[in-house]
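Biologist: Could you walk me through one part of this protein up close, and then show me what lies elsewhere in the chain for context?

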Amino acid sequence: MPNVEKILKSFGIKTIIDGQVTEKCVGVCCPFCPEGDDGFHLGVFKDYGNFTCWKCGTKGSLFLLLRKLVGISYSAYGKVLADAGFVDIGTDPVKKVQELLNPKQVTKRADDAIPELPPTAKPIIKDRKGSLLSKFLHRRRYTLQDCIDHRCWITPIGIAPWGLRLIIPIFDKDGHYVAYQGRDLTNRAKERYKTVRGFGIKRHLYGVEHPACHMHLVVVEGVFDQWRMGPGVVATFGTSLSESQLLAIINLKPQRVTLFWDADAKIKSFQAASHITPFVNDVRVAIPFEDRDPDDMGSAEAWTAVESAEKL
Ligand SMILES: [Zn+2]
C-alpha cells in the first residue's frame, strides 16, 4: 500500500493522522489558504493521493501540493512515487529512474511506424529573452523548464511547413518516443498543430509515460492542458476517443476516470464517457467553470473542477 504520509514526511512536511480531517486522509497545513492555515485543514487522501482543503476549498493532486510546498519537478515526482511503491516502474527500475532524471534523452521504440523528428529540430535546453519561444510560453503561462521537462524540441529555421514550431514528442507507457506534434510558434500558420501524415497520433495518449497514481485518471483534450495539470492526467489530442485510446485507458486499470474536455465539447464528453462506463466503475464528466477552457484555468482551479464532477 502506498504511503502518502511517508512521502510527505520525507520532504519534512508536518502531518497529522487524526484531527481536522477524516481517517481516509493525512492532514497537512494548507499552503493555498489565502489567510494561512495552521490547523492542518488540508487532507491528502491515502488511496488516491489527491487532496481537499476543508477551509479554503482548494482541491488538487499530490503533485500540485508538493510543487506548491517544496517546488518539486515532474521527474523528481516520478522518482518519489516509484520509491514509495505508488507506481510500478517495470522490470528495470534503475533504467526507468535514470530516464526520468535525464529528460533530454529521447529513445525510440523499436518499430518502423514511428516518424523521424524534422531534420532541423534541436532539443530545447536554453532560450533567450524575447525569442519567439519565450513570447509563446509567456502568453500561455508556461516556462522553459516545462519544455525541458516534456523533452520538447524546436525547429528554429522558418521553412514551411515545419519551421518555427515547438516539437512536442509523444511517448508510450514505457517512455519510448512514438510520435510528435508541432505547435506553430508564430500564430500565423494555417495548421496550429501539425502532425506527420500517416502516423496517427490518435493511437496514443499524451502524458501516459509519467509515473502517476492512475487510480484516478483525468482525461483532457490537448498537450498544454496535460502540462497544466501534471502527472495522472492524459490528453487525447482533440475531443474524441479512438479505439486505441479507449483500450489504453482501460489498460491503466483506473478506479475512476474523469473526462475534462473543453466547454464546447460537453455532448462529446458524455458520449466518450458512455464508452468507458462498461469498463470502469466510476466515470465522471467535469465541466470547466463558467464555460472557460481548461487551458485558461490555473491548475488548482482545474483540479477543483475535476474533483467537483459527480459520478454518472
Ligand atoms: Zn486551504
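Modeller: Happy to! I call a residue buried if 20 or more other C-beta atoms lie within 10 Å of its own, exposed if 12 or fewer, and partly exposed in between, with C-beta atoms placed from the backbone. By that count, 38% of the 312 residues in the protein are buried. Please keep in mind that this is a predicted model: local features need pLDDT of at least 70, side-chain atom pairs count only at pLDDT 80 or more, and totals for chains, interfaces and linings use all residues. Numbering starts from 1 along each chain as its sequence is written.

The protein has ten helices and 14 strands; these are DSSP runs (helices H or I, at least four residues; strands E, at least two), numbered from the N terminus.

Let's settle on strand S13, residues 256–260. Four of its five residues are buried, so S13 is largely enclosed by the rest of the structure. Strands pair if DSSP finds at least two bridges between them. S13 runs parallel to strand S11 (residues 216–220), and five bridges join these strands. Here valine 220 is found opposite phenylalanine 260 of S13. S13 also pairs with strand S14 (residues 282–285), again in the parallel sense, over four bridges. In that pairing, leucine 259 sits opposite valine 285 of S14. Helix H9 (residues 266–276) joins the picture too: S13, H9 and S14 form a right-handed β-α-β unit. Right-handed here means that, with the strands pointing away from the viewer, the path from the first strand over the helix to the second runs clockwise.

Now for some context elsewhere in the chain. An open sheet of five strands follows the order S6-S7-S8-S9-S10, with antiparallel pairing. Strands S6 (122–123) and S10 (193–194) are at its edges with a single partner strand each, so one side of each has no neighbour in the sheet. Within this sheet, S7 (residues 153–155) and S8 (residues 165–171) are paired over three bridges, and threonine 155 has arginine 165 in S8 as its bridge partner.

Isoleucine 13 is in the loop between helix H1 (4–10) and strand S1 (15–16). Isoleucine 13 is partly exposed, with 18 other C-beta atoms within 10 Å. Its C-alpha atom is separated by 8.2 Å from that of leucine 69, 56 residues away along the chain. Leucine 69 belongs to helix H2 (residues 62–70), where the buried residues include Phe63 and Leu66.
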